[in-house]
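Grab a pencil and work through these exercises with the structure open beside you. Each task comes with a step-by-step solution.

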Amino acid sequence: MITVTFDDEQLAVNSLIRKLKKIDPNGIHEGFVKLPDFMEYADNNHIDILFLDIDLGYSLNGLELIKHIHEKYGNMNIIIYTGHSDPDYKVSALDNYVSAYLVKPVSDEELETAISRVRIPIRELHVQCFGYFEVFYGTQPVRFERKDSKEVLAYLIDKRGAEVSEERLRYLLFNEENDGEEKRTYTRNIIYDIRKTLDKYGVPKDIITNSKGAYSINMSMLRCDYYDYLNGKTVPSAKLKQYMEQYIWAEGVRKELFSV
């Protein structure tokens, strides 16, 4: 999940970002106190949820900014995060396509509830690593045309954002050191196939990044039971002590996780 907090008080920004990182440790959570910095970020990045104060100390207040945001960027999930408990403010905000209205200080439970009720579904994959590896978009299973595409995605997710060389992926696919143009092309086509498949579900293609012949997964763009487990969250399916059971190469991680 990618969130942005915009408030003219740095302490308020820092406080909310700490809570967001606790709720979503693998997400990207940015904060701004200056309007030009926020607008520059919004111009160049996708935002899943914007947390916005109403009284910003500018000639343009939060409600006016909401209108400007909708005119410039179209629909965006906006949650008001403010010290104003005045019901007139709340009514005005909710009439302006705001998903929720939070009054500082806000509890973790209030924040999680507000996030769960946003108007526009957050574009995230849900990945199951415990048991057999499976990929879902919401509750809908993601179907890959090639079995190799699913395995390469599993391998990149297993590496938790670390770069994996194209050579290593070729060895994963062919299990041999011999190289050739045909195998290099096939490996690149697998990456293309993953991106194309996920794009059908509305997932941006930069979920897989490419840097000098190496690939990595953008962890902020998916939900993963394995990542949750490593971050100390309770994951009931982990009790089975099974991890990506269909892949032999996952045995090492399985042993590290469960000492089996």
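**Exercise 1. Is aspartate 108 buried or exposed, and which residue does aspartate 108 pair with in a salt bridge?**

Step 1. Aspartate 108 has a relative accessible area of 17%, so aspartate 108 is buried (buried means under 20% relative accessible area, exposed over 50%, and partly exposed in between, with a 1.4 Å probe and protein chains only).

Step 2. Before going on, a word on the source: this is a predicted model, where local features need pLDDT of at least 70, side-chain atom pairs count only at pLDDT 80 or more, and totals for chains, interfaces and linings use all residues. Residues are numbered from 1 along each chain as its sequence is written, and side-chain values use heavy atoms, with hydrogens and water left out.

Step 3. Now look for the partner: aspartate 108 forms a salt bridge with lysine 19, and their closest N and O atoms are 3.4 Å apart. A salt bridge here is a side-chain nitrogen of Lys or Arg within 4 Å of a carboxyl oxygen of Asp or Glu.

Step 4. Check the partner's surroundings too: lysine 19 has 22% relative accessibility, so lysine 19 counts as partly exposed.

**Exercise 2. At what angle do H1 and H5 cross, and which residues meet there?**

Step 1. Start with the idea: two packed helices are described by the angle between their axes and the distance between the axes.

Step 2. The axes of H1 and H5 cross at roughly 70° and come within 11 Å. Axes are lines fitted to C-alpha atoms, for helices over the stretch in contact, and angles run from 0 to 180 degrees between N-to-C directions. Helices (H or I, at least four residues) and strands (E, at least two) are DSSP runs, numbered from the N terminus.

Step 3. H1 is therefore roughly perpendicular to H5 (angles of 65 to 115 degrees count as roughly perpendicular, under 35 as roughly parallel, over 145 as roughly antiparallel, and the rest as oblique).

Step 4. On the H1 side you'll find Leu16, Lys19, Leu20, Lys22 and Ile23, which meet Asp108, Leu111, Glu112 and Ile115 in H5. Contact means heavy atoms within 4.5 Å.

Step 5. Sort the contact of H1 with H5 by class and you get 5 nonpolar, no polar and 4 charged residues. Ala, Val, Leu, Ile, Met, Phe, Trp, Tyr, Cys and Pro count as nonpolar, Asp, Glu, Lys and Arg as charged, and the others, Gly among them, as polar.

**Exercise 3. Describe how H6 packs against H7 and against H8.**

Step 1. Take H7 to begin with: helix H6 (residues 147-158) and helix H7 (residues 166-174) pack at about 130°, their axes 11 Å apart. H6 and H7 are therefore oblique to each other.

Step 2. Asp148, Glu151, Val152 and Tyr155 of H6 make this contact with Arg168, Leu169, Leu172 and Leu173 of H7. The residues split into 5 nonpolar, no polar and 3 charged.

Step 3. Turn to H8: the axes of H6 and H8 come within 9 Å and cross at roughly 80°, so H6 is roughly perpendicular to H8.

Step 4. Here Asp148, Ser149, Val152, Leu153 and Leu156 of H6 touch Tyr186, Ile190, Ile191, Asp193 and Ile194 of H8. This contact counts 7 nonpolar, 1 polar and 2 charged residues.

**Exercise 4. How many salt bridges does a search of the whole structure find, and which residues does glutamate 145 and arginine 170 each pair with?**

Step 1. The search gives 15 salt bridges.

Step 2. Glutamate 145 meets lysine 200 at 3.8 Å, N to O. Both glutamate 145 and lysine 200 are exposed.

Step 3. Arginine 170 pairs with glutamate 167, with the closest N and O atoms 3.7 Å apart. Arginine 170 and glutamate 167 both lie in helix H7, 3 residues apart, or about one turn of the helix. Arginine 170 counts as buried, at 7% relative accessibility.

Step 4. Widen the view: Glu166, Glu167, Arg170 and Arg188 are linked in a network of salt bridges.

**Exercise 5. Where is valine 235, and what is valine 235 in contact with?**

Step 1. Find valine 235 in the loop between helix H9 (225-230) and helix H10 (251-258). Valine 235 is buried, with a relative accessible area of 11%.

Step 2. Leaving aside neighbours within four places in sequence, valine 235 is in contact with Phe130, Asp225, Asp228 and Tyr229.
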